[in-house]
Amino acid sequence: MDVNTDNVKSQMRKGVLEYCILSILSRNDAYASSLLSELKEARMIVVEGTLYPLLTRQKNQGLLTYRWEESTQGPPRKYYSITEKGRALLDEMDLAWNDLVKTIEVLRSKR
């Protein structure tokens with residue numbers, strides 16, 4: 001069986017990207033370019049074409065809000081903030097993530 005490991009990794013990353021964005025925004029408000037930079041630093045490689053629709057979807061779900069701020073370097077920036085609803089979801093995601101990691105650890109320990 002020929003498995004494309006890059007595709008597998010990509011699918012796993014997409015599955016946790018929403019969680020990563022909420023986690024970053026729970027620490028500080030951020031604009032899209034800074035979110036991209038932080039995700040890339042963490043080796044969660046993502047492109048603008050993936051990030052912007054996700055931010056819009058999270059905003060439409062009431063998980064994020066945004067404000068415009070003037071920038072000393074170029075046009076105004078859209079800063080995203082996590083909402084209370086977003087924080088509540090992040091708390092649930094933290095619990096789900098911890099449960100998932102424990103489950104995988106149990107399964108892997110039996111190999």
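Helices α1 and α4 sit oblique to each other in this predicted model. Why oblique? Two packed helices are described by the angle between their axes and the distance between the axes. For α1 and α4, that angle is about 125 degrees, and the axes are 10 Å apart. Angles from 65 to 115 degrees would count as roughly perpendicular and those over 145 as roughly antiparallel, so a value of about 125 lands in the oblique group. The crossing itself is left-handed.

Now look at who touches whom. From α1, the contact includes Val 16, Tyr 19 and Leu 22, and from α4 it includes Leu 89, Met 93 and Trp 97. Sorted by class, this contact has 7 nonpolar, 3 polar and 3 charged residues.

Stay with these helices for a moment, since a pocket comes next. Both α1 (5-27) and α4 (84-109) supply at least two residues each to the lining of the largest pocket. This pocket holds about 340 Å³ of space. It is lined by 13 residues, and the closest to its centre are Met 12, Gly 15, Val 16, Trp 97 and Leu 100. The lining has 10 nonpolar residues, along with 1 polar and 2 charged.

Next, hop over to another pair: α2 (residues 32-41) and α3 (residues 48-60). They pack at about 120 degrees with their axes 11 Å apart, and are therefore oblique to each other. Here the crossing is right-handed. Ala 32, Leu 35, Leu 36 and Leu 39 of α2 meet Glu 48, Leu 51, Tyr 52 and Leu 55 of α3. That contact has 7 nonpolar residues, no polar ones and 1 charged.

How values were computed
Residues numbered from 1 in each chain as written. Predicted model: local features only at pLDDT ≥ 70, side-chain atom pairs only at ≥ 80, totals over all residues. Heavy atoms only, no water. Axes fitted to C-alpha atoms, helices over the stretch in contact; angles between N-to-C directions. Helix = DSSP H or I, 4+ residues; strand = E, 2+ residues; numbered from the N terminus. Parallel < 35°, antiparallel > 145°, perpendicular 65-115°, else oblique. Left-handed = near helix turned anticlockwise from the far one by under 90°. Contact = heavy atoms within 4.5 Å. Nonpolar A, V, L, I, M, F, W, Y, C, P; charged D, E, K, R; others polar. 1 Å grid on protein atoms, 1.4 Å probe; cavity = no way out; pocket = protein on both sides within 12 Å on 5 of 7 lines; lining within 4 Å. Points joined across faces, edges and corners; volume = space filled by probe spheres on them.
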